[in-house]
Amino acid sequence: MEKFLLLKMKLLAAGGRLPYDLTNDFLWCKTFKMGAMDVQLESTAVQHGQAKINVEEHALVSLLSDEKYATEKTEDVDSDDYEKLEEGIMQYGCAHYRRRCRIRAPCCNEIFDCRHCHNETKNSIKIDAVKRHELPRHEVQQVICSLCGTEQEVRQVCISCGVCMGKYFCEVCKLFDDDVSKQQYHCNGCGICRIGGKENFFHCSKCGCCYSIVLKNSHACVEGAMHHDCPICFEYLFESTNDVSVLPCGHTIHVKCLREMEEHCQFACPLCSKSVCDMSKAWERLDEELATISDTCDNKMVRILCNDCGATSEVQFHLIAHKCQKCKSYNTRQI
């Protein structure tokens, strides 16, 4: 009864005529309702090796990385100097970084804990649109030691009190961070620092970003895939601090945005309309459902384009959905 009520609503909305295609705005919700109770649709991130990318900016070269720092302590640094370097570690910083210094913004000459703190303040909707701006990370020239308050040129160890202002330090990105558990590394291809361990990622020159190593020989390359806004929330993906997922089609989207799409029964890429996960079991359920519905348009044939494989077919018209003759997908549109 539910499906016929839905069809009636569609027909009324179309002015009583048979609509040219009900697939695009009806199929995904219909398919999910039929299969959601007993068909577990795997997320794209799981199918593709949990291709999450977190692009917080972190360290290029650490003079004081875990193992090297411990070695320097015993071989090159006496106990007093070591204690001074470690003074205040993990006790200073902001919500974004644990660090023992603040930065002077080159754009507005004000002092902030980090560039994210600056951007949250100076690029807020509360600020006059004309005055909004972001901090250019590579142009930072001055830092202020959090322990002694000395302002100085960018460097890892304070020239006044001798404290290490960041256990991980990137001279290129002007980044300081005491939390080394993030496994920070600098990518020359991206031009910024990332987290997760360099050994776990590779830089794809065509896509223009670092991807999980499990995608090295399996992802679909899209020119500048990360250099655009998320198609859902419109945040710039390349510098986003939120996890990003690479879809089977090669397009990218925030993981949280992808989950919201699934919660609203949307399983097609917002950019190219290809399925974002394996829908084969859902199509099987749809086959079973369509077999129980009598078709009153036996003689009407229509041409369709498959969003998944790109093939065109001539199939019998159906009110609910049209099946691709090549890949058996119902993710199609009438042409």
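In which sense do strand β13 and strand β14 pair, and over how many bridges?

**Figure 1. The pairing of β13 with β14 in the predicted model.** Strand β13, residues 301–306, runs antiparallel to strand β14, residues 312–316, and five bridges join the pair. One of these pairings places L305 opposite its bridge partner T312 in β14. Together, β13 and β14 make up a hairpin, with five residues between the two strands. In the turn, G310 has a positive phi of about 85 degrees.

**Figure 2. An open sheet of four strands.** Strands of a sheet pair through backbone hydrogen bonds, in either a parallel or an antiparallel manner. Here the order is β2-β1-β3-β4, and the pairing is antiparallel. The edges are occupied by β2 (111–112) and β4 (151–153); each has a single partner strand, so one side of each lacks a neighbour in the sheet.

**Figure 3. The pairing of β1 with β3.** Residues 101–104 form strand β1, residues 142–145 form strand β3, and four bridges link them in the antiparallel sense. Within this pair, C101 of the chain stands opposite C145 in β3.

**Figure 4. The surroundings of K256 in helix α7.** Helix α7 spans residues 255–263 and includes K256. Because its relative accessibility is 44%, K256 counts as partly exposed. Twelve residues separate K256 from V244 along the chain, and their C-alpha atoms are 8.3 Å apart.

**Figure 5. Confidence along the predicted protein.** The mean pLDDT is 80, and 75% of the residues reach 70 or more. Over residues 1–75, however, the pLDDT is below 50; this stretch has 184 contacts in the model beyond near neighbours in sequence.

Conventions:
Residues numbered from 1 in each chain as written. Predicted model: local features only at pLDDT ≥ 70, side-chain atom pairs only at ≥ 80, totals over all residues. Heavy atoms only, no water. Buried < 20%, exposed > 50% of the residue type's maximum accessible area, 1.4 Å probe, protein only. Pairing = 2+ DSSP bridges. pLDDT = per-residue confidence, 0-100. Contact = heavy atoms within 4.5 Å.
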